[in-house]
Amino acid sequence: MTTRRDFVKDAASAMAGAAFVGCDLMPSTQVQAQPAPRRREVVVNGRRVKTVDIHAHCAFPEAMALMGLKVNPQTLVMGAERIRAMDEQGIDVEALSVNAYWYKAEREVATALIKLQNEKLAELCAAQPDRFVAFASVALQYPDLAAEQLEHAVKKLGLRGAGIGGSVSGEELSHAKFHPFWKKAEELGCLVFIHPQANPDFEKRLKGNGGLINVIGNPLETTIALSHLIFEGTLDRFPGLKIRAAHGGGYLPSYAARSDAGCVTFPDRCAAVKLTRKPTEYLRQLYYDSIVFTPEAMRHLVAEVGASQIVMGTDYPFPWTKTSVDHILATPDVSDAERAAMLGDTAAKLLGIKT
């Protein structure tokens with residue numbers, strides 16, 4: 001049986017096999033080789049804070065090849081460039097995840113792909129244990145298999161949770177078929193990172209100028225996924241779940257009160273599943289990354305869900321959040337303790353990172 005210890009011997013080679021790619025698995029050319037900057041240290045009220053970036057992408061060409069996919073090796077952003085970018089931005093630890101591209105794979109292929117990919121993630125983390133942790137990949141189209149993969153990844157490989165899509169081949173994460181996975185995640189007490197992916201249902205209306213499939217479609221899928229988890233009773237059935245949503249939770253925190261009002265105005269539409277709380281109250285048991293772009297948006301997110309539920313994300317390698325540290329430092333109306341929590345304290349607790 002492969003264990004975390006097995007990866008240490010050849011850990012140095014692991015960084016060379018990883019591609020730091022965007023949400024759509026396309027390689028990034030944004031980070032170019034530069035002289036190594038001095039590592040930025042982030043201090044809040046005189047205290048050095050260990051910062052944690054909880055939203056960053058990578059991929060493994062060897063695993064992608066099992067589904068006939070590939071990344072152009074001439075344009076890969078490799079480990080040295082990523083460490084350089086982290087140092088420059090003031091990021092101490094990065095939690096890596098691979099966006100799900102395997103939900104249509106047959107069980108045998110999915111089994112082999114996930115095994116390879118999770119072992120590669122463990123190797124990469126072993127190569128730089130003070131800089132990287134990772135979310136396991138799971139074949140969620142086979143929930144029983146996904147539960148087994150998650151347990152192996154957390155207990156044997158040292159991975160810190162799971163990264164999953166906002167839906168699984170058109171099926172909502174709240175569907176009863178996924179209960180075995182949610183039960184296992186609750187049992188393990190690990191964090192589950194929900195990241196949106198391309199949704200064919202959005203493509204017709206969102207095609208055209210502006211990149212709307214990403215700009216609107218991604219936060220919309222997160223909004224829908226979280227809403228179903230609330231209204232279908234998944235969060236009541238598994239109250240110990242630790243779920244973190246990408247991109248500030250999509251649109252849900254900005255318009256969540258309509259969910260409460262909808263059940264008051266149209267009570268028959270909320271009668272199929274008896275919730276234990278108002279819909280908005282569930283928002284404060286979820287976690288959200290900080291990718292909301294403006295100080296006012298951050299202030300509002302804090303007001304809606306609480307600073308204790310927000311963790312820093314960069315969405316690396318996309319360059320639109322190069323200043324994630326400064327974004328949190330500039331958030332108005334929060335205390336120094338809350339600022340430190342968002343920068344890294346909360347994520348460190350969720351991911352088992354020593355501070």
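1. Overall content. The protein chain contains 14 helices and 10 strands. The model is a predicted one. Of the 355 residues, 54% count as buried. The chain exposes about 16000 Å², and carbon and sulfur atoms supply 53% of that area. Among contacts with a separation of 6 or more, 79% are between residues 24 or more positions apart.

2. Confidence. The mean pLDDT of the protein chain is 91, and 88% of its residues reach 70 or more. Residues 28–33 have a pLDDT below 50, and in the model this stretch has 13 contacts beyond near neighbours in sequence.

3. The disulfide. How many disulfides does the rule give? The count comes to one. Cys263 is joined to Cys270, with an S to S distance of 2.1 Å. This pair counts as a disulfide because its sulfur atoms lie within the 2.5 Å cut-off. A disulfide is a covalent bond between the sulfur atoms of two cysteines. The link of Cys263 and Cys270 is left-handed, with -85 degrees about the S-S bond. Cys263 counts as buried at 19% relative accessibility, and the limit for buried is under 20%. Its partner, Cys270, is partly exposed at 23%.

4. Cys58 and Cys125. Why is there no bond between Cys58 and Cys125? The closest cysteine sulfur to that of Cys58 is in Cys125, at 8.2 Å, which is too far for a bond. The relation holds from the other side as well: for Cys125 the closest cysteine sulfur is that of Cys58. Cys58 is buried, with 0% relative accessibility. Cys125 is also buried, with a value of 10%.

5. Strand β6. Is β6, residues 161–165, mostly covered or mostly open? Five of its five residues are buried, so the strand is mostly covered by the under 20% criterion. In a regular strand the side chains alternate between the two faces of the sheet. In β6, one side carries Gly161, Gly163 and Gly165, and the other carries Ala162 and Ile164. These residues are all buried, and both faces of β6 are thereby covered.

6. Surroundings of β6. Which strand pairs with β6 over five bridges? The partner is β7, residues 191–195, and the pairing is in the parallel sense. Within this pairing, Gly165 stands opposite His195 in β7. Helix α5, residues 179–188, forms a right-handed β-α-β unit together with β6 and β7.

Notes
Residues numbered from 1 in each chain as written. Predicted model: local features only at pLDDT ≥ 70, side-chain atom pairs only at ≥ 80, totals over all residues. Heavy atoms only, no water. Helix = DSSP H or I, 4+ residues; strand = E, 2+ residues; numbered from the N terminus. Buried < 20%, exposed > 50% of the residue type's maximum accessible area, 1.4 Å probe, protein only. Contact = heavy atoms within 4.5 Å. Areas by Shrake-Rupley, 256 points an atom, 1.4 Å probe, with all protein chains shown as cover. pLDDT = per-residue confidence, 0-100. Pairing = 2+ DSSP bridges. Right-handed = clockwise from strand over helix to strand, strands pointing away.
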